[in-house]
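Colleague: I would like a close look at a single part of this model, the annotated sites and what surrounds them. Please take me through it step by step.

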Amino acid sequence: MTTPKALVAGNWKMNGVAANLAEIEKLNDLIAGGGANCDVLICPPFTLIHQSVQAAGERVEIGGQDCHANISGAHTGDVSAAMIKDQGCSYVIVGHSERRTDHGETDEMVSSKADAAQKEELVAIICVGETEAERDAGDALSVVTSQVRGSIPADATADNTVIAYEPVWAIGTGRTPTADDVAEVHAAIRNVLTERFGDAGNSVRILYGGSVKPENARELMSVANVNGALVGGASLKADSFYGIVQAYD
Ligand SMILES: O=C[C@H](O)COP(=O)(O)O
């Protein structure tokens, strides 16, 4: 069984202006100085992608936070996977719970976006996760596995797919599931991936996201089938994000 190389990804969400690019330069310097046995990605707002690619150096990759399902056309305010790729990105996040909530994105829409990204040779980071009510009702596993099945495009491969499990109730709250709960959900996702991709499903990275901090990163990243993190708030400052990356030193 192949253990995938971990990915620690930062999602800046709707935060950051040009002055914050120094954090990306600093992050690259910290990693170059201290090593990190994982891939490192920052997904800034679209307005900063071009400058972020220039600031990122050798050790940090840059990605988008969303893309449209179409490659071009009359879609005011939207950005296509081709445009993100053109700026030097290698990844794009799709189906984040904030987009599922704020923009009514369904699994079918997320799958279309992931398909557009993968056809542009971007790796799609497909986000899934249950709400607190769904967990309390005992439905976490069925909700998450259904989202994974419904959000992976028909033409996806193990190489161009990453899954990020983010319990909605853990995002930005300081609360995290227990290690056992994370292990249970990640194992269920792994089963879906091996059903879908065969043995190659073992090489798909499954990230955990939701209140990951330097203080809890080592414990969360050591859980079985956790192959990295998707980090929000703690990715905005190089020092705290590097503290998470160091879980893979
Ligand atoms: O995309 C990142 C997640 O939503 C996690 O955010 P957080 O680390 O601020 O909880």
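Modeller: What follows covers the annotated sites, the ligand shell, and then a helix pair with the loop after it.

This is a predicted model, in which local features need pLDDT of at least 70, side-chain atom pairs count only at pLDDT 80 or more, and totals for chains, interfaces and linings use all residues. Residues are numbered from 1 along each chain as its sequence is written.

Start with the active site. An unreviewed UniProt entry lists H96 and E166 under "active site". UniProt positions are given in the numbering used here, feature names are shortened, and annotations may be inferred rather than shown by experiment. The two residues are spread over 71 residues of sequence, yet they cluster in space, with a largest C-alpha distance of 8.5 Å.

H96 sits in the loop between β4 (91-94) and α4 (97-102). Helices (H or I, at least four residues) and strands (E, at least two) are DSSP runs, numbered from the N terminus. H96 counts as buried because it has 28 C-beta neighbours inside 10 Å. The cut-offs are these: buried takes 20 or more other C-beta atoms within 10 Å of the residue's own, exposed takes 12 or fewer, and partly exposed lies in between, with C-beta atoms placed from the backbone.

E166 lies in the loop between β6 (161-165) and α8. E166 has 26 other C-beta atoms within 10 Å, so it is buried. Beyond its neighbours within four places in sequence, E166 contacts S97, C127, G129, I171, G209, G210 and L230. Contact means that the C-beta atoms of two residues, placed from the backbone, lie within 7 Å.

Next, the binding site. For "binding site", UniProt (unreviewed entry) lists N11, W12, K13, G172, S211, G232 and G233. These are spread over 223 residues of sequence but cluster in space, where the largest C-alpha distance is 14.1 Å.

N11 belongs to strand β1 (residues 7-11). N11 is buried because 26 C-beta neighbours lie inside 10 Å. Not counting residues up to four places away in sequence, N11 touches C43, Q65, I93, L230, V231, G232 and S235.

G172 is in the loop between β6 and α8. G172 has 13 C-beta neighbours inside 10 Å, so it counts as partly exposed. Its contacts, leaving out residues up to four places away in sequence, are G232 and G233.

Now the ligand. There are 14 residues around it, and N11, I171, G209, G232 and G233 come nearest. A residue is near a molecule or strand if its C-beta atom, placed from the backbone, lies within 6 Å of it. The shell divides into 5 nonpolar, 8 polar and 1 charged. Here Ala, Val, Leu, Ile, Met, Phe, Trp, Tyr, Cys and Pro count as nonpolar, Asp, Glu, Lys and Arg as charged, and the others, Gly among them, as polar.

Last, the helix pair. A140, L141, V144, T145, V148 and R149 in α7 meet V185, A188, I189 and V192 in α8. The residues of this contact divide into 8 nonpolar, 1 polar and 1 charged.

I152 is in the loop between α7 and β6. I152 is buried because it has 25 C-beta neighbours inside 10 Å. Leaving aside neighbours within four places in sequence, I152 contacts S111, A114, I126, T161 and R196. I152 and S111 are 41 residues apart along the chain, and their C-alpha atoms are separated by 5.4 Å.
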